[in-house]
Amino acid sequence: HRRTEPPKLLHSVRGDLDWIVMKCLEKDRTRRYETANGLAMDIERHLNFEPVIARPPSQLYEFQKTVRRHKVGFAAATAIMLALAVGLGISAWALVQERRARERSAAAERETEQQLYTALLEQARATVRSGESGQRFRALDALQRAATISNTVELRREVFAALALPDMQV
């Protein structure tokens with residue numbers, strides 16, 4: 001009369017109602033419902049999405065019933081947990097990107113410092129070869145700036161070479 005298709009009707013009757021009917025039909029009297037009130041209470045439990053007594057208790061079954069009873073609360077908790085997980089994922093991704101950018105920046109800075117160091121050494125060498133007046137002071141000035149970047153054996157050799165130059169005054 002309700003125009004329900006048999007497969008849908010079977011699906012709605014399966015589960016707790018199936019267990020209730022099987023308990024009613026049990027051959028052993030001690031395993032059936034003791035009173036009609038017990039049967040009514042079990043049907044009421046089924047309608048309220050609570051665990052029924054006819055079904056053997058399991059933690060998964062009781063959890064499923066709790067979830068069905070508190071759909072909104074579990075949906076909200078799931079949405080919050082999902083939002084937190086997505087936020088954590090985005091934060092971790094941003095942290096990795098920031099670290100990579102910082103490493104690229106540090107590498108570029110090291111490269112720039114190395115280029116400046118090399119340019120200052122070349123400037124000092126060119127000044128030493130120039131033979132111009134005040135070459136020693138200009139060469140030592142360039143080498144002093146290079147020493148703030150790095151102090152290598154090569155730099156010390158250039159300093160000794162510059163110190164060995166004679167003072168040329170015009």
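A charge is said to sit over a ring if NZ of Lys or CZ of Arg is within 6 Å of the ring centre and within 35 degrees of the ring normal. The model is predicted: local features need pLDDT of at least 70, side-chain atom pairs count only at pLDDT 80 or more, and totals for chains, interfaces and linings use all residues. Residues are numbered from 1 along each chain as its sequence is written, and side-chain values use heavy atoms, with hydrogens and water left out.

**Exercise 1. Charges over rings**

Task: State over which ring the charged end of Lys-71 sits, and at what distance from its centre. Do likewise for Lys-23.

Solution.
Step 1. The ring beneath the charged end of Lys-71 belongs to Phe-49, with 5.7 Å to the ring centre.
Step 2. For Lys-23 the ring is that of Tyr-33, and the distance to its centre is 5.0 Å.

**Exercise 2. An aromatic pair**

Task: Determine how the rings of Phe-63 and Phe-74 are arranged, and in which helices they lie.

Solution.
Step 1. Rings of Phe, Tyr and Trp (its six-membered ring) pair if their centres lie within 6.5 Å; planes under 30 degrees apart count as stacked, over 60 as edge-to-face and the rest as tilted. The count under this rule is one aromatic pair.
Step 2. The centres of the Phe-63 and Phe-74 rings are 5.8 Å apart and the planes stand at 90 degrees, so the pair is edge-to-face.
Step 3. Helices are DSSP runs (H or I, at least four residues), numbered from the N terminus. Phe-63 belongs to helix α4 (residues 59-69) and Phe-74 to helix α5; eleven residues separate them, and the pair links distant parts of the chain.
Step 4. Buried means under 20% relative accessible area, exposed over 50%, and partly exposed in between (1.4 Å probe, protein chains only). Phe-63 is partly exposed because its relative accessible area is 47%; Phe-74, at 28%, is also partly exposed.

**Exercise 3. Salt bridges**

Task: Give the number of salt bridges, then analyse Asp-42 with Arg-45, Arg-125 with Glu-154, and Asp-141 with Arg-145.

Solution.
Step 1. A salt bridge requires a side-chain nitrogen of Lys or Arg within 4 Å of a carboxyl oxygen of Asp or Glu. Seven salt bridges satisfy this rule.
Step 2. Asp-42 and Arg-45 are joined at 3.3 Å, N to O. Both are in helix α3 (residues 36-47), three residues apart, about one turn of the helix. Asp-42 is buried, at 0% relative accessible area, and Arg-45 is buried at 18%.
Step 3. Between Arg-125 and Glu-154, the closest N and O atoms are 2.5 Å apart. Arg-125 lies in helix α5 and Glu-154 in helix α7, so this pair ties together parts that are 29 residues apart in sequence. Arg-125 is buried at 19% relative accessibility, whereas Glu-154 is partly exposed at 32%.
Step 4. For Asp-141 and Arg-145, the closest N and O atoms are 3.9 Å apart. The two residues are four places apart in helix α6, about one helical turn. Asp-141 is partly exposed, at 39%, and Arg-145 is partly exposed, at 40%.
Step 5. Through shared salt-bridge partners, Glu-122, Arg-125, Glu-154 and Glu-158 form one network.

**Exercise 4. The faces of helix α7**

Task: Identify the buried residues of helix α7 and explain why they line one face of the helix.

Solution.
Step 1. In α7 (residues 153-163), the buried residues are Leu-155, Glu-158 and Ala-162.
Step 2. Viewed down the axis of α7, these buried residues fall within an arc of 60 degrees, so they line one face. The arc is that of the directions from the helix axis to the C-beta atoms.
Step 3. Arg-157 and Phe-160, on the other side of α7, are exposed.
Step 4. The cover over the buried residues of α7 includes α5 and α6 (135-147).

**Exercise 5. Nonpolar cores**

Task: Establish how many residues make up the largest nonpolar core and which helices each supply at least two of them.

Solution.
Step 1. A nonpolar core is a set of buried Ala, Val, Leu, Ile, Met, Phe, Trp, Tyr and Cys residues joined through side-chain atoms within 4.5 Å.
Step 2. The largest core has ten residues, among them Tyr-117, Leu-121, Ala-139, Leu-143 and Leu-155. At least two residues come from each of α5, α6 and α7.
Step 3. A second, separate core has five residues, including Ile-20, Tyr-33, Val-52 and Tyr-61.
Step 4. Contact means heavy atoms within 4.5 Å. Leaving aside residues up to four places away in sequence, Ala-139 touches Ala-124, Thr-127, Val-128 and Ala-162.
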